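Work through the following exercises on empty space, ligand contacts and backbone geometry. Each task is followed by a solution in steps.

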Amino acid sequence: MKKVLITGANKGIGLETAKQLLQKEFYVYLGSRDLNKGKEAIEKLKQEGLINVEVIQLDVTDENSVRAAREEIDKKTDSLDILINNAGINGGSPYTALESSSDQFMAAFNTNVFGVARVTKAFIDLLQKSPEPRIVNVSTSVGSLSLQSNPSWPAYDFAKYAVYGASKAALNMYTIQLAYELRETNFKVNAVCPGYTSTDFTFQNGGDVEVAGSRIVKYALIDKDGPTGKFFSEETNPETGEIPW
Ligand code: NAP
């Protein structure tokens, strides 16, 4: 049975991704910074007959938590096939470049960028034991420098999320660098935007979480001839999915 670790999987897109991968016969390590919230999520999955799942306490901003999560997973497995770096925060309000505080920037970068680097580094050797390891970094089209700087892009005028956008742009560059470092291996490393989705993150505005989850799953399951070092948003480009960085 292939194994996947998903960060921030106690709710929202992470939980839905866990559910869909369980339905595809994966074993899921469900990362949750709050153990009780993770247990509640697992109970819901188990009620649906999805039993190959266990919670791992994992706060991506906390080195000790990441180390403890690794030690916990070491007791259970010596390999991982997929890492989905899903945990993320929107940076809160105010949103704009001039109004946002440095504390907002630091918090968003700590979760959305440094958290991904922390978790990836902590688990990379377990992924290296998989014959076809995959890493999906959950990003957003509003983190695309090319799109966000284009006045004719539909979201140009309303996507003024300086903190969030900057942190996801940095995550995108981390993804490029990681894919480059792993280019001579069997890894596939991509950044994927799930699309505007109804979760707590968006105050329940946006599209269906099932669609968002399926977009993440698609790139978590790409085969050996699939892309690496790319950025995908099926919402922005329904034809090929690929969008510019
Ligand atoms: P959500 O419902 O708010 O879920 C976010 C998840 O991240 C929660 O499980 C949360 O845990 C967890 N999290 C936050 N900080 C964490 C930390 N320090 N350590 C570990 N987990 C942490 O949001 P969502 O919409 O599912 O978002 C998931 C991902 O999709 C994010 O990376 C987001 O940027 C991205 N995304 C979302 C949308 C959208 O429209 N929803 C669009 C594009 C991209 P708690 O429950 O403990 O807070």
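The exercises below go from the pocket to the ligand, then to the cavity and the backbone.

The model is predicted, so local features need pLDDT of at least 70 and side-chain atom pairs count only at pLDDT 80 or more, while totals for chains, interfaces and linings use all residues. Residues are numbered from 1 along each chain as its sequence is written, and side-chain values use heavy atoms, with hydrogens and water left out.

**Exercise 1.** Describe the largest pocket by volume and lining.

Step 1. On a 1 Å grid over the protein atoms alone, a pocket is an open set of points with protein on both sides within 12 Å along at least five of seven lines, whereas a cavity is a set where a 1.4 Å probe fits but cannot get out; lining residues have an atom within 4 Å of a point. Points are joined across faces, edges and corners, and a volume is the space filled by probe spheres set on them.

Step 2. The largest pocket holds about 1300 Å³. Its lining has 49 residues, with Asn90, Tyr164, Thr199, Phe201 and Thr202 nearest the centre.

Step 3. Two or more lining residues come from each of helix 1 (12-23) and helix 6 (162-181). Helix 1 gives the most, three residues. Helices (H or I, at least four residues) and strands (E, at least two) are DSSP runs numbered from the N terminus.

Step 4. The lining divides into 21 nonpolar, 20 polar and eight charged residues. Here Ala, Val, Leu, Ile, Met, Phe, Trp, Tyr, Cys and Pro are nonpolar, Asp, Glu, Lys and Arg are charged, and the others, Gly among them, are polar.

**Exercise 2.** Locate the ligand and list polar contacts to its oxygen atoms.

Step 1. The ligand takes up the space of the largest pocket, by the rule that more than half of its atoms lie within 2 Å of the grid points.

Step 2. The ligand is surrounded by 29 residues, the closest being Asn10, Asn86, Tyr164, Thr197 and Thr199; a residue is near if one of its heavy atoms lies within 4 Å. This shell has 10 nonpolar, 13 polar and six charged residues.

Step 3. A polar contact is a pair of N or O atoms within 3.5 Å. A ligand oxygen is 2.7 Å from a side-chain N or O atom of Asn10, and a ligand oxygen is 2.8 Å from one in Arg33. For Thr197 the partner is a polar backbone atom, at 2.8 Å from a ligand oxygen.

**Exercise 3.** Which residues line the largest cavity?

Step 1. The count is one cavity of 30 Å³ or more, and the largest cavity has a volume of about 30 Å³.

Step 2. Its lining consists of Thr7, Val60, Asn85, Asn86, Ala87, Thr111, Gly115, Val116 and Val119. Helix 4 (residues 102-127) gives the most, four residues. No lining residue is charged; four are nonpolar and five polar.

**Exercise 4.** Where do Pro94 and Phe203 lie?

Step 1. Most residues other than glycine have a negative phi, and most peptide bonds are trans.

Step 2. Ser93 and Pro94 are joined by a cis peptide bond, with omega about 0°. Pro94 is in the loop between strand 4 (82-85) and helix 4.

Step 3. Phe203 has a positive phi, near 55°. Phe203 is placed in the loop between strand 6 (188-193) and helix 7 (209-220).

How values were computed:
Polar contact = N/O pair within 3.5 Å; in protein donor to acceptor, adjacent residues only side chain to side chain.
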